[in-house]
Amino acid sequence: MEGVEGDAASAVAPLAKWRNDFARAFQYYLDRSTSHPVHRWLGTLVVAAIYVLRVFYVQGFYVVSYGLGIYILNLLIGFLSPKVDPELDVLDGASLPTKGSDEFRPFIRRLPEFKFWYAITKAFCIAFFMTFFSLFDVPVFWPILLCYWIVLFVLTMKRQIMHMIKYKYIPFSIGKQKYAGKRSSASSSGVSRD
């Protein structure tokens, strides 16, 4: 009986080692991609284009695409929302500044950009994988799903934009604001101090 357990353990050990090595290599390349957002998003765009071409080619899997669209909309809301919602956390004091005299607090997202990118890329890969199984190809009239998704998108974005306006925050930063310093009278009159 002990020989059977030992054989099973020795058969599982290489599989666990391979899985561990793969997870480490995957995490290594994922960590290296952190500092290259443009390349990451271009890669995701390529994956999305391949998925769209696959759905167009097979003329099906519209329910999978609808579910993918709803999931991406949910991720987008998390990406555009502040980590601390001013409506829910008024008493904590860690809210967004609402007046010009308030102290500057940087916008911290509920879903950071890297996690947003990773979740979208993973979702497209899973949806692409699902298109190879006819179980997920539910016959449906796709224009209705598209119209419903557009209505849902418009209503959700309207609510999110109203929230942004109410609490005066912008979820995007264009960069550090540059100030023009005062010019000294000697440098503006053309007199050099050599």
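**Close-up views of a predicted six-helix chain**

**View 1. Arginine 40 over tryptophan 117.** Arginine 40 lies over the face of tryptophan 117, 5.0 Å from the ring centre. A charge sits over a ring if NZ of Lys or CZ of Arg is within 6 Å of the ring centre and within 35 degrees of the ring normal. Tryptophan 117 counts as buried, at 9% relative accessibility. Buried means under 20% relative accessible area, exposed over 50%, and partly exposed in between (1.4 Å probe, protein chains only). The model is predicted: local features need pLDDT of at least 70, side-chain atom pairs count only at pLDDT 80 or more, and totals for chains, interfaces and linings use all residues. Residues are numbered from 1 along each chain as its sequence is written, and side-chain values use heavy atoms, with hydrogens and water left out.

**View 2. Arginine 109 over phenylalanine 79.** The face of phenylalanine 79 carries arginine 109 above it. The distance to the ring centre is 3.9 Å.

**View 3. Aromatic pairs and a ring cluster.** Rings of Phe, Tyr and Trp (its six-membered ring) pair if their centres lie within 6.5 Å; planes under 30 degrees apart count as stacked, over 60 as edge-to-face and the rest as tilted. The count by this rule is 14 aromatic pairs. One of them joins phenylalanine 22 and phenylalanine 26. This pair is stacked, at 6.3 Å centre to centre and 20° between the planes. The two residues are four apart in helix H1 (residues 2-32), so about one helical turn separates phenylalanine 22 from phenylalanine 26. Both are partly exposed: phenylalanine 22 has a relative accessible area of 49%, and phenylalanine 26 has 40%. The pair of tryptophan 117 and tyrosine 118 is tilted, because the planes stand at 45° with ring centres 6.3 Å apart. Tyrosine 118 is partly exposed, with a relative accessible area of 26%. Ring pairs link these four residues with Trp18 and Phe114 into a cluster.

**View 4. The largest nonpolar core.** This core has 24 residues. A nonpolar core is a set of buried Ala, Val, Leu, Ile, Met, Phe, Trp, Tyr and Cys residues joined through side-chain atoms within 4.5 Å. Tyr51, Leu68, Leu75, Phe116 and Phe124 have the most contacts inside it. Two or more residues come from each of helix H2 (37-58), helix H3 (62-80), helix H4 (113-130) and helix H5 (142-167). H3 gives the largest share, eight residues. Leucine 68 touches Tyr51, Ala123, Phe124 and Ala127, leaving aside residues up to four places away in sequence. Contact here means heavy atoms within 4.5 Å.

**View 5. Threonine 156 and isoleucine 150 in helix H5.** Threonine 156 belongs to helix H5. Threonine 156 counts as buried, at 13% relative accessibility. Its contacts are Leu73 and Ile77, not counting residues up to four places away in sequence. Isoleucine 150 is also found in helix H5, but is partly exposed, with a relative accessible area of 41%. Isoleucine 150 and glycine 69 are 81 residues apart in sequence. In space, their C-alpha atoms are 9.8 Å apart.

**View 6. The loop between H2 and H3.** Glutamine 59 is in this loop, and so is phenylalanine 61. Most residues other than glycine have a negative phi. Glutamine 59 has a positive phi of about 50° although it is not a glycine. Phenylalanine 61, likewise not a glycine, has a positive phi of about 60°. Phenylalanine 61 is buried, with a relative accessible area of 5%.

**View 7. Annotated spans.** An unreviewed UniProt entry carries the annotation "transmembrane region" for residues 63-81, 116-134 and 140-157. UniProt positions are given in the numbering used here, feature names are shortened, and annotations may be inferred rather than shown by experiment. Residues 63-81 are 95% helix and 0% strand, with end C-alpha atoms 27 Å apart. Residues 116-134 are 79% helix and 0% strand, with end C-alpha atoms 29 Å apart.

**View 8. The whole chain for context.** The chain has six helices and zero strands. Helices (H or I, at least four residues) and strands (E, at least two) are DSSP runs, numbered from the N terminus. Of the 194 residues, 24% count as buried. Among contacts between residues at least 6 apart in sequence, 84% join residues at least 24 apart. The chain exposes about 15100 Å² (Shrake-Rupley method, 1.4 Å probe; for residues, only the protein chains shown count as cover). Carbon and sulfur atoms supply 67% of this area.
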